[in-house]
Amino acid sequence: MISVRNLSYQYDGTSRAIQFQDFSIPQGEHGLLLGESGSGKTTLLHIIGGLLRQYHGTVSIQDTALSALSEAALDNFRGRQIGFIFQRNHLISALTVEKNLALSPYLAGLPIDAARIDQVLASLGLQEKKKSRISELSHGQAQRVAIARAVLNKPSIILADEPTSALDDKNCERVISLLTDVARQNGATLLVATHDQRLKDRISNRIDLTTAP
Amino acid sequence: MSLLTLVWNYLKARPLNTAINILLLSLGIAVITILLLFSQQLEKKITENAKGIDLVVGAKGSPLQIILCNIFHIDFPTGNIKLFEAERIAKNRLVKKAIPLALGDSYNTYRIIGTNRAYAELYHGELAAGAWWNEDLQVTLGAKVAELTRLKLGDHFASAHGLSEGGHAHEEHQYVVVGILKPSNSVLDNVILTNIESVWKVHEEHGEEEEDGHETHGEEEHAHGTTFIPSPLIPTVAKGDSTKEITAMLLQYRSPMGAIQLPRIVNAQSSLQAASPAFETARLFSILGVGVDILMGFAYVLIIISGLSIFIALYNSLKERRYDLAIMRSMGATRTKVFISILLEGGFLTLAGSVLGLLAGHGAVMLLAGMAEQAQRTGISGWVFYPQEWIILVGSLLLGLVCAMIPAIQAYRTDISKVLAGH
C-alpha cells in the first residue's frame with residue numbers, strides 16, 4: 001500500500017518545486033507513473049523509496065509514514081520493504097550472480113536463505129547462471145538478475161524506474177510481463193515510472209504527472 | 001555474504017591493482033624487518049661480547065681494529081706488544097683482571113686464541129665434552145667451530161697463518177682437540193682456545209728458525225738459576241721477560257677511576273694503544289648507523305608511496321563504484337556500513353602487505369643465515385621476533401585506515417538519489 005498526500009519537493013539550491021497529486025495504490029495492485037522527462041517521476045519514485053528525504057507532505061508505505069523514521073531505520077525499512085529496479089540494471093560486477101543476490105538480504109539485515117535464492121533464480125530461468133560473473137551475462141539476463149535481486153527479500157513494494165525505455169517492443173513486452181508476474185507471485189505492489197506509452201495498455205492504474213494540478 | 005566477502009571480491013576483481021599495492025607495501029615492510037632483525041641482533045651480540053671487558057690494550061694502531069680483532073675476532077692484529085710492558089699495566093692497582101691474548105693463526109678461518117681460562121670464564125663458557133686445554137698444543141673448540149669443521153675429540157689439525165683460508169700451514173705442529181664447549185651464544189662459539197705457549201711454539205719454529213726451539217727452555221733454566229718469579233700473566237714465563245710478545249690484553253677495572261686513568265697511562269707508552277670497547281662499538285654503530293638510516297629512509301619512502309598508491313586506487317575505484325555504493329544503499333545498506341567497507345578495503349590491503357612483508361623479512365634473514373657461513377657465524381637468526389614488529393603491523397594498519405579515510409568519507413556522503421538519477 002502506497003499513499004501520497006500533499007506532497008511537494010523543492011530541488012536543492014533552486015527555486016524549482018514540484019507539487020505532486022495525491023494518490024494511493026492498494027497492496028498488491030500495480031500502478032503506472034506516467035510523465036515526460038523532467039516531470040519528476042524519478043524524484044517521486046525516490047521519495048517513495050526513501051532515497052530522498054527533504055520533502056513536504058506525507059508519504060506512507062504499509063501505514064508507516066516515511067518521515068517518521070530515522071535515517072538508519074529508513075535504510076532498514078527500504079532494505080526489507082522496497083525492491084528497486086533501475087533503468088540500467090546495475091549489478092555489482094565484482095560479485096557473481098549468486099553473491100549479487102545474497103547481498104540483498106545481507107544489506108537489509110535479513111538472514112541469507114540459499115533456498116530462496118535458488119527459487120527466485122529458477123522462477124526467472126537463471127539457475128545455470130548462479131555462479132556466473134556479471135560480465136558473462138547478456139543484457140536480458142542481467143535485467144532478470146536485477147529483477148531477481150529486487151524481489152528476493154519479498155518486498156511489499158517494487159519500484160521500477162524506466163525499466164523498458166531502452167528496449168524494443170518484443171523485449172518491452174517480455175520485461176513488463178515479467179515484472180507484473182513477479183510482483184503478483186510475491187504479493188507486492190508494483191509502481192512503474194515511465195514515459196513509455198507502450199506500457200499504458202498493460203497497467204490500468206495510472207498516475208499522470210503531466211496533468212498534475 | 002559479509003562485508004569481508006564483499007571487500008575481498010572487490011579486491012579480487014582488480015587483481016593487478018591489489019597485487020601491486022600489497023607488493024609495494026610488503027617490500028618496504030620487508031626492508032624494515034630485515035634491518036630491525038640485523039641491527040637488533042648485531043647490537044645485542046656486540047654488547048654481549050664486549051661485556052666484562054673494560055679496556056683492550058694492543059699495539060699502536062687503530063683502536064677500532066684492536067676491538068674488532070681482540071673482542072670479535074674478525075680483524076687482524078695491529079701488531080704485538082712486549083709481555084713485560086703488558087705486565088706493567090696489569091700490575092696497576094686500578095686493574096682487577098688482565099687476560100692475555102696471543103693471536104695469529106686459524107683453522108678453516110676459525111681463529112685460534114692463545115689465552116688462559118679467565119677468557120672462557122668471561123663468556124661463561126662450559127664444556128660440552130672432553131676437557132679444558134692443559135698442555136701445549138691442546139685445544140678446546142667453540143661449539144660452532146666443532147659443528148662446522150666436524151672436528152671431534154682427539155682429532156689432530158694443523159693451523160694456518162692468518163685468518164683467511166689458504167694461509168701458510170704450520171704442518172710441523174699439530175694441535176689436538178681435547179674439549180668442545182657448549183654453545184654460549186657469544187664469540188666463544190667461533191674460536192679455538194689453547195694456551196699462549198702453544199701459539200708461541202708454532203710460531204717460533206716457523207718464524208724465527210735461526211733461534212731454535214730450545215730457546216724458551218734455556219731461558220727458563222736461566223731464570224731458575226737466580227730466583228724464578230713467574231709472570232703474572234703467563235706463569236711459565238719469568239716476570240719481566242724481554243723477548244716474549246703477546247697480541248693484546250683484556251682488562252677489567254677495579255673501580256670507575258680506571259676508565260679515567262688507565263687509557264692515559266697505556267697511551268703514554270709509545271708502543272701501546274688502549275681501546276675502549278664501549279666507545280669503539282658506539283663508534284661502530286654510528287658508522288653502520290648511516291647505512292642503516294639510508295636503508296630505513298628508503299623503506300619509509302616505499303611505504304609512503306604504497307600508502308599513496310592505496311589511496312589513489314581506492315579513490316579511483318570509488319569513482320567507478322559510486323553507482324555500486326548507491327545501489328547498495330538502495331538495498332538497505334546504512335551510511336556506516338558503506339563507510340566501513342571502504343575502510344576495511346584499505347585496512348585489508350595494508351594488513352596483507354605488512355604480514356607479507358614481515359614474513360618476507362624473516363624469510364630473507366633465515367635464508368641468509370642458512371646459506372652464508374659468515375652470517376651463520378654472527379649467530380643472526382630469522383626466528384627471532386621483536387615487539388617492534390607489532391608496531392609495524394599496527395602502524396601499517398593505521399596507514400591503510402588513514403589512506404582509506406577520504407574515500408570512505410566520500411562514500412559516506414554519497415547522495416544516493418543524485419547518483420541513481422544522474423545517468
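Which residue stands opposite Ala158(B) in E8(B)? Keep that in mind while you get set up. What you have open is a predicted model, so treat everything on this tour as a look at a prediction.

**Stop 1: three strands in chain B**

Select strand E7 of chain B, residues 156-161. Now add strand E8, residues 169-181 of the same chain. The two run antiparallel, and 4 bridges join them. Click on Ala158(B) and look across: the residue facing it in E8(B) is Gln174(B). That settles the opening question.

Next, add strand E3 of chain B, residues 95-107. E3(B) pairs with E7(B), again in the antiparallel sense, this time over 2 bridges. To see where they line up, pick Asp105(B), which stands opposite His161(B) in E7(B). While you're here, turn on the side chains. In a regular strand, side chains alternate between the two faces of the sheet.

**Stop 2: the two domains of chain B**

Zoom out and colour chain B by domain. Domain 1 comes in two pieces of sequence, 3-46 and 285-421, while domain 2 is 94-249. How far apart do the C-alpha centres of these domains lie? The distance is 53 Å.

Now find the place where they touch. Select the 5 residues of domain 1 that are in contact with 7 residues of domain 2. About 520 Å² is buried between the two domains, with 37% of it on carbon and sulfur atoms. Looking for salt bridges between these domains? The count is 0. For polar contacts, the count is 1 residue pair, with both partners at pLDDT 80 or more. On the domain 1 side, helix H12 of chain B (residues 373-378) gives the most, with 3 residues. That side of domain 1 has no nonpolar residues, 2 polar ones and 3 charged ones.

**Stop 3: where chain B meets chain A**

Show both chains. Select the 25 residues of chain B that are in contact with 29 residues of chain A. Together the chains bury about 2,500 Å² between them, and carbon and sulfur atoms give 64% of that area. There are 6 residue pairs in polar contact across this interface, counting pairs with both residues at pLDDT 80 or more.

Which helices of chain B should you highlight here? Try H1 (3-13), H10 (277-330), H11 (335-371) and H14 (416-421): each supplies at least two residues to the side that touches chain A. H10(B) gives the most, with 6 residues. Colour this side of chain B by residue type and you get 13 nonpolar, 7 polar and 5 charged residues.

**Stop 4: one salt bridge up close**

The structure holds 20 salt bridges over all chains, and 3 of them cross the interface of chain B and chain A. Let's finish on one of these. Select Arg329(B) and Asp75(A) and show their side chains, which meet in a salt bridge, 3.2 Å from N to O. Why does this pair join two chains? Arg329(B) lies in helix H10 of chain B, whereas Asp75(A) lies in helix H2 (residues 71-81) of chain A, so the pair links one chain to the other.

Note on methods: Residues numbered from 1 in each chain as written. Chains lettered and ligands numbered in written order. Predicted model: local features only at pLDDT ≥ 70, side-chain atom pairs only at ≥ 80, totals over all residues. Heavy atoms only, no water. Contact = heavy atoms within 4.5 Å. Buried area = accessible area lost by both parts, 1.4 Å probe. Salt bridge = Lys/Arg side-chain N within 4 Å of Asp/Glu carboxyl O. Polar contact = N/O pair within 3.5 Å; in protein donor to acceptor, adjacent residues only side chain to side chain. Nonpolar A, V, L, I, M, F, W, Y, C, P; charged D, E, K, R; others polar. Pairing = 2+ DSSP bridges. Domains from an automatic or database assignment.
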